[in-house]
Amino acid sequence: SFYPVSVLSDVNDEMMLFTKETFGPVVSLTKFDGSEEQGIILANRTEYGLGSCVYTQDMDKARRVARRIAAGQVGVNCYAL
């Protein structure tokens with residue numbers, strides 16, 4: 001799929017947008033219960049996993065979560081380039 005500059009909200013893990021590679025300057029927002037475990041499960045539910053980001057003020061949590069995300073690059077409080 002290709003999108004123009006877009007912010008897409010209320011995306012869920014059953015949508016193609018969530019699991020397939022999307023082209024274009026796009027950000028998709030998915031709600032979750034706030035637990036580390038569900039966040040990690042959702043982050044790892046893609047077949048591509050090229051890049052991921054963890055945003056938090058708690059650096060211990062950031063390291064713990066980042067280690068469990070299966071992505072080529074994981075940024076902490078920034079976009080991984």
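1. **Start with E36.** This residue is partly exposed, with a relative accessible area of 26%. Before going on, keep in mind that you are looking at a predicted model. The side chain of E36 meets that of R64 in a salt bridge, at 2.6 Å from N to O. E36 sits in helix α2 and R64 in helix α3, so this pair ties together parts that are 28 residues apart in sequence. R64 counts as partly exposed too, at 37% relative accessibility. As background, side chains of opposite charge can pair when their charged atoms come close.

2. **A second link between those helices.** Which residue does E37 form a salt bridge with? The partner is R68, and the closest N and O atoms are 3.1 Å apart. E37 belongs to helix α2 and R68 to helix α3, so here the parts tied together are 31 residues apart in sequence. For E37 the relative accessible area is 42%, which makes it partly exposed. R68 also counts as partly exposed, at 43%.

3. **A bridge between two loops.** How many salt bridges does the structure hold? There are six. One of them joins the side chains of E47 and K20, with N and O 2.8 Å apart. This one links distant parts of the chain: E47 is in the loop between α2 (36-43) and β3, while K20 is in the loop between α1 (16-19) and β2 (26-28), 27 residues away. Is E47 buried or exposed? At 55% relative accessibility, E47 counts as exposed, whereas K20, at 39%, counts as partly exposed.

4. **The nonpolar core.** Now look inside. The largest nonpolar core has six residues: I40, V54, A62, V65, A66 and I69. Helix α3 (residues 59-68) is the top contributor, giving three residues to this core. This fits a general trend: in soluble globular proteins, nonpolar side chains tend to be buried together. Try clicking on A62: leaving aside residues up to four places away in sequence, A62 touches V54, T56 and V76.

5. **A nonpolar patch on the outside.** Not every nonpolar side chain is tucked away in the core. V7, V27 and L29 form a patch on the surface, and together they have about 270 Å² of accessible area. V7 is placed in strand β1 (residues 6-8). With a relative accessible area of 63%, V7 is exposed.

6. **Two cysteines, but no bond.** A disulfide is a covalent bond between the sulfur atoms of two cysteines. How many disulfides does the structure hold? Zero. Why is C53 not bonded to C78? The closest cysteine sulfur to that of C53 is the one in C78, but it is 6.8 Å away, which is too far for a bond. To count as a disulfide, the two sulfur atoms would have to be within 2.5 Å. Looking from the other side, the sulfur of C78 has C53 as its closest cysteine partner, again at 6.8 Å. C53 counts as partly exposed, at 28% relative accessibility, and C78 is partly exposed as well, at 40%.

7. **Two residues worth checking for phi.** Most residues other than glycine have a negative phi. D10 has a positive phi, near 60°, and is not a glycine. Where does D10 lie? D10 is in the loop between β1 and α1, and at 53% relative accessibility it counts as exposed. N77 also has a positive phi, about 60°, although it is not a glycine. N77 is in the segment after β4, where it counts as partly exposed, at 38%.

8. **Two distances across the fold.** Q57 lies in the loop between β3 (51-54) and α3. At 82% relative accessibility, Q57 counts as exposed. Q57 and V76 are 19 residues apart along the chain, and their C-alpha atoms are separated by 9.8 Å. Next, find Q73 in strand β4 (residues 73-76). Q73 is partly exposed, with a relative accessible area of 35%. Between Q73 and G49 there are 8.3 Å in space, C-alpha to C-alpha, and the two are 24 residues apart in sequence.

Definitions and conventions:
Residues are numbered from 1 along each chain as its sequence is written. This is a predicted model: local features need pLDDT of at least 70, side-chain atom pairs count only at pLDDT 80 or more; totals for chains, interfaces and linings use all residues. Side-chain values use heavy atoms; hydrogens and water are left out. Patches are made of residues with over 30% relative accessible area and no salt bridge: like charges are joined within 9 Å, nonpolar side chains (Val, Leu, Ile, Met, Phe, Trp, Tyr) within 5 Å. Accessible areas come from the Shrake-Rupley method with a 1.4 Å probe; for residues, only the protein chains shown count as cover. A salt bridge is a side-chain nitrogen of Lys or Arg within 4 Å of a carboxyl oxygen of Asp or Glu. Helices (H or I, at least four residues) and strands (E, at least two) are DSSP runs, numbered from the N terminus. Buried means under 20% relative accessible area, exposed over 50%, partly exposed in between (1.4 Å probe, protein chains only). A nonpolar core is a set of buried Ala, Val, Leu, Ile, Met, Phe, Trp, Tyr and Cys residues joined through side-chain atoms within 4.5 Å. Contact means heavy atoms within 4.5 Å.
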